[in-house]
Amino acid sequence: MAVDLLLGLQWGDEGKGKIVDYLTKDYNIIARFQGGPNAGHTLEFDGIKHVLHTIPSGIFHKEAINVVGNGVVIDPVIFQKELTALSKFNIDIKKSLLISRKAHIILPTHRLLDAASETSKGKAKIGSTLKGIGPTYMDKTGRNGIRIGDLELDSWKDKYRQLANKHQDLIEFYNVDVQYNLKELEHEFFEAVEAIKSLTFIDSEDYLHNAQTNNQTILAEGAQGSLLDIDFGTYPFVTSSNTTAAGACTGLGIAPNKIKDVYGIFKAYTTRVGSGPFPTELFDADGAKMAKVGNEFGATTGRPRRCGWLDLVALKYAVQVNGVTELIMMKADVLSGFKTLKVCTAYNYKGKEISHFPFNIEPENVTPIYKSFKGWQEDISSGDNFEKLPQTLKDYVAFIEESVGVKISIVSVGPDRTETILR
């Protein structure tokens, strides 16, 4: 049985959590393959808003199994808080939530290192969420990390102490003012570790292989977005993992030839949190309106999101890198009421018009070239039939499809799982 992927095509915050929750009914297993608690997947149904950071977005479906894959980095303290928030919903966590033994653990000192590193950069800071993600992946690639499977060993605390001591030396090296009480942080950390040890640990690559052999359906869930990929994103203003389709193979142990459909999610406009280049960013009333109507604040950090017109150059690039087979457009309702919409169709790159995503998209090198569209004034949030949507919106969808060569199969017109239109 093949595996389907679902991932973001912009700078994250595209609405992946809602769509995973919506699609879970069609899958036996939802498997998160990369990232850490810097992600914030928001789900809304039955009048309740839920924000998940590490736990896969299929957790509210009682028949689904949710796997945290080896490519994910786990902060036990944040994970425990997620578990506490779920406790009121009568979910059999030990049965429905499985954790890969090969997933790496975020230590308290990883978060401190993150803060020290970011502070030392001054004005050149990259906009880290300060969750310890980068330092944890650095220890992973440096072969120093502690993994979930280590918690089953009697000597894991000795390994912890050795690594934490090394981190404290590094913090002193940065020579910046980072105030902390490590004993307090460690007390909270070790309590959370004990809670995690009560869950079910698995050798996830073997588990998922057997699931495929037994014809179980699997949806791999990505975090962040393709333009934040450590290799293909707007480096260095990126996350520390592979957010693109290839990350599902390394983050779950799934063979490339087992991947079938790749669902790519994007907003009808573009947003970005933190630092980094953003060619179509708006600094006018239109940008402010997008932010207000779209409630554009980070689900994890609460930081305001920068807003701008849809960038088709970047979108087409993400479609190509990921091999996207179906597109899902989110937040179409946010654009209701705009008299004119703009879409970036090409860049003026150092005086030359280009249609591909270049190595550098800093503002001194790139100016967006726009095509204008007539907007729609109708409130579409109660829509349930694509053909009944305003013609101007249907024209907008058709232009995007023609430009990137992939069909838009779902249009989201609101945050609730019911506000979703299939085509």
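Where does R303 lie, between which helix and which strand? Look for it in the loop that runs between α10 (285-293) and β13 (306-308). Keep in mind as you go that this is a predicted model.

Let's stay with R303 for a moment. The unreviewed UniProt entry carries a "binding site" annotation that takes in A299, T300, T301, G302, R303, P304 and R305, so R303 sits inside that annotated run. Is R303 buried or exposed? Neither label fits: R303 is partly exposed, because its relative accessible area is 26%, and buried would need a value under 20% while exposed would need one over 50%. Leaving aside residues up to four places away in sequence, R303 touches G127, S128, T129, V273, G274, E296, F297 and G298.

Now step back and find the sheet. Ten strands might look like a tangle, but you can read them off in order: the 10 strands of this open sheet go β9-β7-β5-β2-β10-β1-β11-β15-β19-β20, and the pairing is mixed. At the edges you'll find β9 (200-202) and β20 (420-422), each of which pairs on one side only. From one strand to the next, the twist averages 25°. Helix α1 (residues 16-23) packs on this sheet and touches β1, β2, β10 (218-221), β11, β15 (326-330), β19 (408-412) and β20. The direction of α1 makes about 155° with that of β1.

Zoom in on strand β5 (residues 65-68). I65 and V67 point one way while N66 and V68 point the other way, and all of them are buried. Strand β2 (residues 29-32) runs parallel to β5, with 4 bridges joining the two. Strand β7 (residues 97-100) also runs parallel to β5, this time with 3 bridges. N66 is a handy landmark here: it stands opposite I30 of β2, and it also stands opposite L97 in β7. Elsewhere in the sheet, β1 (residues 3-8) and β11 (residues 259-267) pair in the parallel sense over 5 bridges. There, L7 has G264 in β11 as its bridge partner.

Next, try a pair of helices. The axes of α11 (residues 312-322) and α12 (residues 391-404) come within 10 Å and cross at roughly 55°. That is why α11 and α12 count as oblique to each other. Their crossing is right-handed. Where they meet, L312, L315, K316 and V319 come from α11, and F399, I400, S403 and V404 come from α12.

Finally, which residues does the "active site" annotation in the unreviewed UniProt entry cover? They are D13, H41 and K140. These span 128 residues in sequence, and the farthest two C-alpha atoms are 25.6 Å apart, so they do not all gather at one spot.

Two of these annotated residues are worth a visit. H41 lies in strand β3 (residues 41-45), and H41 is buried because its relative accessible area is 6%. Not counting residues up to four places away in sequence, H41 touches K16, G17, H50, V51, L52, S57, E221, G222 and A223. K140, by contrast, is found in helix α5 (residues 133-141). With a relative accessible area of 30%, K140 is partly exposed. Again not counting residues up to four places away in sequence, K140 touches N70, G71 and H104.

Terms used:
Residues are numbered from 1 along each chain as its sequence is written. This is a predicted model: local features need pLDDT of at least 70, side-chain atom pairs count only at pLDDT 80 or more; totals for chains, interfaces and linings use all residues. Side-chain values use heavy atoms; hydrogens and water are left out. Buried means under 20% relative accessible area, exposed over 50%, partly exposed in between (1.4 Å probe, protein chains only). Contact means heavy atoms within 4.5 Å. Two strands pair if DSSP finds at least two bridges between them. Axes are lines fitted to C-alpha atoms, for helices over the stretch in contact, and angles run from 0 to 180 degrees between N-to-C directions. Angles under 35 degrees count as roughly parallel, over 145 as roughly antiparallel, 65 to 115 as roughly perpendicular and the rest as oblique. A crossing is left-handed if the near helix is turned anticlockwise from the far one by less than a right angle, and right-handed if clockwise.
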